[in-house]
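Here's a friendly walk through a protein model for anyone seeing it for the first time. Have a look at the fold, then read on.

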Amino acid sequence: MDIHRCRFVPFPPSTINALAFSHSHISKDQETAPPRLAVGRANGDIEIWNPLRGSWLQETIIHGGKDRSIDGLVWTQDPNEDINGRLIIGKSRLFSVGYTTTVTEWDLRTGRPLRNASGNHGEIWCIAAQPSEAGAASSTWEGQNLIAGCTDGALVLYSTKDNDLQLQRILVRPSAKKAKIISVTFQNRNIVVAGCTDSIIRIYDIRTGTLLRSMTLGSGPKGGPKEIIVWSVKVLKDGTIVSGDSTGELKIWDGKTYTLRQRIKSHEQDVLSLAASADGSAIFSGGMDRRTVTYKPEGKGKPRWAEVTHRRFHNHDVKAMASFEGCGMSVVVSGGPDASPIVTPLGQFGFENQRSLPFLPQELAIGSSPRRRLILSWWEREVHIWRINKTSLPSSDDDEEKPAAKGRKLVARILIKGEGNITSATLTADGSLLAVSTTAEIKVFQLRSRTEEDGLKVSKVTLPESFFSGARLIQFSPDGKWLTVVRPDSHILLSRISTDTSASSSTFHAPISKLSRLDRNIDKLTLLGGLGTYDRTITQIAWSSDSKILAASDLSGYIDSFVLSGIEDTTQAPPAPSSSAASSTNSDTDSDSDDEENSSSTPKLIFGQHWTRNPSASLLPKLPTAPVVLSFRPATQKQLTNGIVPHATRNNPHPVSHELPSGEARLLVVTATSDVYEFDVLKGGLSPWSRRNPPQAFPGSYRKTLDQAKGCVWDVSEGKERAWLFGVGWLWMFDLARDFASVGAVEESDDEDEHEQVGGSKKRRRRHGKEHPSGAGGVVPDESLTTGISRKVRKVIEEDENKAMEDEMELVPALEEDKDAEKESPNHWHTFKYRPILGVVVVGEGEEGCGPEVAVVERPIWETSLPPRFYGEQEWRDKNSVD
């Protein structure tokens with residue numbers, strides 16, 4: 001396979017301004033919605049991450065828009081309800097602020113604003129959620145209100161009661177001093193702690209709006225500003241207040257007397273963010289000096305806090321922090337202008353490695369047109385199209401002396417009008433059409449070659465009215481005759497494309513009826529609480545190579561498939577535009593059963609063909625985790641159709657064939673836990689290769705890969721059956737024509753590991769494939785520990801003068817070790833040479849016998865432009881090397 005290594009495709013990273021977990025702590029017996037992490041960026045995007053016990057899947061992105069920024073995020077949990085003995089989990093609701101006077105609640109299912117609220121106050125700088133109280137009186141609402149601090153010194157209370165968002169009252173009016181409130185948190189349900197820019201931390205009672213106490217930080221250091229800015233405030237479990245300010249000091253305040261108890265100078269510059277453990281036994285701080293500092297109490301009686309250690313995990317300011325404990329995890333996530341969230345172990349700090357999550361999106365932000373050697377890339381509201389020139393090897397010494405031709409050229413640059421950022425884009429295989437979608441609209445462009453210049457002429461294509469409501473995913477079929485549109489509410493529509501070769505124009509017919517997914521019989525009470533129907537969000541779609549099978553998967557692990565029946569007859573008149581597809585965009589039904597009954601009784605024909613649900617779709621099982629890659633095997637032989645259609649009758653003058661396609665229908669699926677399956681979609685079961693090679697048979701180094709798979713490229717030239725999977729930092733090749741060696745031996749060794757003796761007693765080990773015991777990186781080897789103590793203490797028992805018994809005692813629980821000795825095998829290969837990978841796309845057929853010609857698009861963070869950062873006294877060499 002010929003590989004082009006590309007680093008010219010731009011994808012600017014966006015600063016992380018806010019981080020928020022839906023829960024800070026989940027106990028074992030607590031019934032609540034599954035945890036999620038929201039990441040707010042400066043370009044207005046909100047990323048929703050699923051921790052997945054350390055697998056960390058970026059599920060969806062709520063795309064922002066022009067002049068939008070996410071500067072504060074907060075989750076609330078509505079109270080649980082008991083209806084007829086059935087417990088309904090309270091809804092998880094996400095709110096954001098962005099230096100405006102508006103608080104926005106987001107609909108996770110559609111990625112659109114659900115409701116907004118604002119008032120007569122200044123721009124909101126910070127926001128916090130009221131702690132929930134399960135043991136409140138029956139007459140008291142147990143939900144969580146919101147408190148917002150403004151730049152004019154106002155403190156505003158917003159109510160989230162009755163599934164609504166309203167301004168309840170302005171607790172504190174703007175002050176004459178114009179002291180900004182830039183950090184806020186709750187000490188309990190009624191007491192608010194507000195950090196200001198005038199060296200004061202103020203304590204308010206939200207019931208009366210009265211000021212209870214003012215805690216003064218004093219004046220600033222000599223030579224600097226007189227006033228100290230309190231960038232962050234946090235409250236521990238016992239009520240102790242912790243603050244981080246512009247002097248680089250962490251201050252500990254007594255939560256009862258509101259007096260200063262201790263101050264720790266741990267940063268060279270401002271302390272910007274704080275996080276703490278649920279039990280209040282550890283504090284984390286992040287600062288402008290890029291340090292992440294850990295504090296723990298030391299001593300007996302009234303212990304004093306002390307700095308335990310500090311590390312520089314980030315390359316820039318540590319602007320935001322959030323902690324989570326529960327579900328077998330204990331982590332702190334931090335972020336800043338370097339755009340990558342860093343996951344740090346909380347409970348096992350020092351014994352486990354940190355982990356950097358990718359700043360590149362899980363959804364592919366690039367595409368290609370192999371026939372015209374085009375690469376498509378997009379970000380925010382801009383689209384770039386590049387042409388990759390075919391490079392040739394020098395045939396003589398004279399050719400080697402000639403300067404090499406430039407390997408790429410920017411042939412088109414498009415700026416999408418409107419305020420919304422691009423959600424998806426796609427190119428046809430022949431490069432004649434480009435489709436771009438936002439949450440508000442879909443735009444299609446015709447691409448024609450210029451005669452004089454080596455560029456593309458871009459012209460807009462007129463679309464039916466049903467395209468005006470936006471999409472979360474769009475994709476052309478391989479033959480370029482269909483456009484798949486996945487609406488923001490995960491409804492699937494298809495539009496037929498007619499091409500006039502003489503005029504070089506394309507016509508998009510009104511989308512036929514919405515393709516109905518299977519009704520999975522999900523309990524209605526379950527859909528009313530928690531995350532609701534968010535799990536039914538479609539994240540992946542895939543076309544078969546003959547464009548007759550369409551597969552779609554959602555976050556819950558279900559895969560739906562649809563087939564194209566009938567013989568194409570372009571002599572028939574195109575169908576009349578129908579309003580059913582357009583009206584379906586506004587429907588909010590959770591079940592598609594009614595629509596399916598209507599569509600199945602009267603299938604909508606277009607040129608003698610119609611789409612229907614795959615009869616074997618219900619046979620495909622629900623996967624344990626969400627699929628991250630869907631890819632059909634390319635057909636190696638062209639399927640021939642006999643063109644025989646049923647005979648026409650008086651009652652049915654235009655009969656339709658209902659025979660299923662007979663082409664390649666094997667679908668490769670990769671899940672969020674790196675499990676690989678191959679299904680025969682038309683038969684509704686695993687393929688023979690997948691039955692012989694279960695996920696446990698894959699190489700151990702692949703199963704322990706931390707980063708998620710992002711896509712798949714196939715090599716089926718000359719009888720090959722190779723699938724190239726890629727993630728943000730790896731590239732794996734699996735030969736599906738061969739089986740993995742010694743599958744039984746692998747399963748046997750797994751069983752032995754599960755019952756192995758640990759620390760003198762038999763403990764059953766839980767094998768999850770990847771090494772992430774507490775949700776961060778892998779375990780630090782004993783020889784690399786910097787905590788001053790090993791996990792094991794050797795106990796020597798003297799029995800004899802010349803003989804001694806040695807026994808090892810575990811200080812921390814034994815963790816999984818992969819003892820699967822991986823051997824070289826011809827059916828797989830991998831490399832970590834390319835990173836970070838934005839995507840891998842096919843740009844040509846390649847040389848004979850070498851497979852396809854692909855482009856590996858990388859976007860290193862060090863090649864991006866970041867704002868200036870702070871350099872310490874010992875970093876003068878690094879600063880000079882950069883300057």
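Let's start with one residue: Asp535 is partly exposed, at 29% relative accessibility. Here, buried means under 20% relative accessible area, exposed means over 50%, and partly exposed lies in between (1.4 Å probe, protein chains only). Keep in mind that this is a predicted model, where local features need pLDDT of at least 70, side-chain atom pairs count only at pLDDT 80 or more, and totals for chains, interfaces and linings use all residues. Residues are numbered from 1 along each chain as its sequence is written, and side-chain values use heavy atoms, with hydrogens and water left out.

Asp535 has a partner: it forms a salt bridge with Arg36, with 3.8 Å between the closest N and O atoms. Asp535 sits in the loop between α2 (524–528) and β45 (538–543), while Arg36 sits in the loop between β2 and β3, so the pair ties together parts that are 499 residues apart in sequence. Unlike its partly exposed partner, Arg36 counts as buried at 4% relative accessibility.

A salt bridge here is a side-chain nitrogen of Lys or Arg within 4 Å of a carboxyl oxygen of Asp or Glu. The structure holds 35 of them, including these:

| Acidic residue | Basic residue | Closest N and O atoms |
|---|---|---|
| Asp535 | Arg36 | 3.8 Å |
| Asp254 | Arg261 | 3.2 Å |
| Glu721 | Arg633 | 2.6 Å |

The Glu721 and Arg633 pair also links distant parts of the chain, 88 residues apart. Glu721 is partly exposed at 26% relative accessibility, and Arg633 is buried at 4%. Elsewhere, Asp78, Arg93, Glu105, Arg115 and Asp164 are linked in a network of salt bridges.

Back to β2. This strand covers residues 16–21, and 6 of its 6 residues are buried. It runs antiparallel to β3 (residues 37–41), joined by 5 bridges; two strands pair if DSSP finds at least two bridges between them. In that pairing, Phe21 stands opposite Leu37.

What about the whole chain? It has 8 helices and 62 strands, where helices (H or I, at least four residues) and strands (E, at least two) are DSSP runs numbered from the N terminus. Of its 883 residues, 55% count as buried.

And how many disulfides does the structure hold? The count is 0, a disulfide being a pair of cysteine sulfur atoms within 2.5 Å. The sulfur of Cys150, for one, is 7.9 Å from the closest cysteine sulfur, in Cys126, which is too far for a bond. Cys150 is buried, with a relative accessible area of 0%.
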